[in-house]
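Trainee: I should like to work through this model with you, beginning with the whole and then turning to its parts. May I put my questions one at a time?

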Amino acid sequence: MALDGIRMPDGCYADGTWELKMHVTDLHRDVSLRVTGEIHIGGVMLKLVEKLDVKKDWSDHALWWEKKKTWLLKTHWTLDKYGIQADARLLFTPQHKVLRLQLPNMKHMKVKVNFSDRVFKAVSDICKTFNIRHPEELSLLRKPRDPKKKKKKLDEAEEDDLELEGPLLTPGSASEIIYIGPVKGSIYSSPGLYSKTMTPTYDSRDGSPLSPTSAWFGDSPLSEGNPSILAVSQPISSPDILVKLYKPQSLLDKAKINQGWMDSSRSLMEQDVKENEVLLLRFKYHSFFDLNPKYDAIRVNQLYEQAKWAILLEEIECTEEEMMMFAALQYHINKLSIMSTDNHMNNSEKEVDEVDAALSDLEITLEGGKTSNTLGDITSIPELADYVKVFKPKKLTLKGYKQYWCTFKDITISCYKSKEEAHGTPSYQMNLRGCEVTPDVNISGQKFNIKLLIPVADGMNEIWLRCDTEKQYAHWMAACRLASKGKTMADSSYNLEVQNILSFLKMQHMNPDPQFIEPITTDINPECLVSPRYLKKYKNKQPGYIRDLISARILEAHQNVAQMSLIEAKMRFIQAWQSLPEFGITHFLAKFQGGKKEELIGITYNRLIRMDAHTGDAIKTWRFSNMKQWNVNWEIKMVTVEFADEPSLAFICAEVDCKVVHEFIGGYIFLSTRAKDQNESLDEEMFYKLTSGWV
């Protein structure tokens, strides 16, 4: 026994024990314990707490192995089983740490999140606290770095942005924090108002709580009946915000932003997220399931905010007419948000019922519309037949449309030289299954074009259709969109799709009668309602002239939306955002097998798109419905996708971990399995099987 304290050359003691070095982050102390490899992790923590002899609640603490980037959460495992030896250095640190969370509305909130949970679980807890249903649609994103800013100024710029975008939204003083998930002994531990029984918790008119919010934010000022921080939109206070925030200048810039998505299968600590770091909470998957204003006031508002900022920061392209429509909706929403904050208590039940009825047509589901209750004639499939101008572009030719008598049956368009020849052989036919459908519309110019990219063996055939009227365009566009998914006009969503297109066009109309247009007032602030690109068009004009000109156009467009309620306007904004050609495409830089240059892979809720990196034109499309399986070679970062009746697709991810791309594909497959009759609880294990790659 006298030799017990003698240290051997290998660092172990004569009795077989060795020193395990640990750092206690709360106390800034280094502690050494003599242990053996047979002691379990729980015993190590018990010994450590006894040696510290500090009266404190240590229940949230766990051991973190820095070198291996691993939490030692299996307390029954021994040091030997984890492979921990004398050269290891462990941290004894809280699992819940402070995160500065930037919400989709660009406001920051200090939250305490479990850094040992997988990101998918952490996001679920955050959404439960904030009463956002379907947390599987959201994730965390690292803040994009502006390449124009020098490295030494990045941290200063980040602090400036925080100051610019508003103070941290905290329950009380700046030292108080909203705790996410179950934390013992915390007065701000928040169970949230997440309602699995689908009991309405919000007024469908403006999103104000119908039930007390004390369960939501504890004893904080946020529980005093004012949920405006999350459920009510706040106007942009200064155009300086738009000028200073990072705006992607190209598709390559957009692809670089997507490199920052967190791995949902690993914890924040494993991904080098530091305490007090800023992370962005965003809707990652553009597939919004069962979006219902009656239960989703906060979800609708945050979705509206994400759409608004995407348009203002030019993350998604839109025409000038569409920009004025979006600006008019913003102006309307800003006005009603201020009014609703002041006048909510005066609303009658009758008004709410009327709004509920009006909103029944606005529920957005996975397919983009609510199914109709009318079955119609199920024995026959509706058809379209009309004169349509058709153009097949070829290199070195000017655009020349030729009029054909076109019939649309099932998912096929047949073109005839005249109506009389419609019973004979068509000049040519187009099967639209799997095609890309893009609108090209200018209301003032009466241009109603539909661009079709139809898959063929060696790529895509480009066909343009030109319609004469809005009504004709709406019917043909709706039919094309359904046909691209393999659906016919007999599908119950066809009529709703037609109505959505017509209402989208109607909102872009300019009001010819000036007597109904509001006089220009100082509160409109047009520089905060349109993206900087549209202000640059008038760079040679006087600032006052520009302001009045854009204000007049916004007020003119406002007449089309002036009668909408607040929640309806937000839903219309989201719906219009979903109608933009670039909506829902997440870009990544990739090199395709057999290709010589880097291109883009675009991922949407139902397909993969090979795209030109500079123009964004689709080169080839592959539908998930035709996919058999996909595999990842983690060593060379290659993703391979196999299809039922066409050659397999293989590409190497450039500048991004292929795990991010793999997770997007698996995530959208996971979301496509959701159904309204399912229990609202998430099948986390299924998500990990589809997205993690190694579970």
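**Helices, a sheet and one residue**

Mentor: Let us start with a pair of helices, bearing in mind that the model is predicted. The axes of helix H9 (residues 297–312) and helix H16 (residues 566–579) come within 9 Å.

Trainee: At roughly what angle do the axes of H9 and H16 cross, and how is that orientation classed?

Mentor: Two packed helices are described by the angle between their axes and the distance between the axes. For H9 and H16, the axes cross at roughly 50 degrees. An angle over 35 and under 65 degrees is neither roughly parallel nor roughly perpendicular; the two helices are therefore classed as oblique.

Trainee: Is the crossing of H9 and H16 left-handed or right-handed?

Mentor: The residues that meet include Tyr-304 and Ala-307 in H9, and Phe-573 and Trp-577 in H16. As H9 passes H16, the crossing is left-handed.

Trainee: How many residues of the contact of H9 with H16 are nonpolar?

Mentor: Among the participants, Asn-301 and Lys-308 come from H9, while Lys-570 comes from H16. The contact has 1 polar and 2 charged residues, and its nonpolar residues number 11.

Trainee: Which strands stand at the edges of the open sheet of 7 strands?

Mentor: The order in this open sheet is E15-E14-E13-E12-E18-E17-E16, with antiparallel pairing. Each edge strand has a single partner, so one side of it is left without a neighbour in the sheet; these strands are E15 (428–431) and E16 (436–442).

Trainee: What is the average twist from one strand to the next?

Mentor: The twist is taken between successive strands of this sheet. Its average is 35 degrees.

Trainee: Which residue in E15 is the bridge partner of Ser-414?

Mentor: Strand E14 (residues 412–416) and E15 run antiparallel and are joined by 4 bridges. In E15, the partner of Ser-414 is Gln-429.

Trainee: How far apart are the C-alpha atoms of Ala-618 and Leu-600?

Mentor: Ala-618 lies in strand E22 (residues 618–623). Leaving aside neighbours within four places in sequence, its contacts are Glu-436, Leu-453, Met-460, Ile-609 and Arg-610. Leu-600 is 18 residues from Ala-618 along the chain, and their C-alpha atoms are separated by 9.4 Å.

Trainee: Finally, what percentage of the residues of the protein count as buried?

Mentor: The protein has 18 helices and 25 strands. Among contacts with a separation of 6 or more, 64% are between residues 24 or more positions apart. Of the 695 residues, the share that counts as buried is 55%.

Conventions: Residues are numbered from 1 along each chain as its sequence is written. This is a predicted model: local features need pLDDT of at least 70, side-chain atom pairs count only at pLDDT 80 or more; totals for chains, interfaces and linings use all residues. Side-chain values use heavy atoms; hydrogens and water are left out. Two strands pair if DSSP finds at least two bridges between them. Axes are lines fitted to C-alpha atoms, for helices over the stretch in contact, and angles run from 0 to 180 degrees between N-to-C directions. Angles under 35 degrees count as roughly parallel, over 145 as roughly antiparallel, 65 to 115 as roughly perpendicular and the rest as oblique. A crossing is left-handed if the near helix is turned anticlockwise from the far one by less than a right angle, and right-handed if clockwise. Contact means heavy atoms within 4.5 Å. Ala, Val, Leu, Ile, Met, Phe, Trp, Tyr, Cys and Pro count as nonpolar, Asp, Glu, Lys and Arg as charged, and the others, Gly among them, as polar. Buried means under 20% relative accessible area, exposed over 50%, partly exposed in between (1.4 Å probe, protein chains only).
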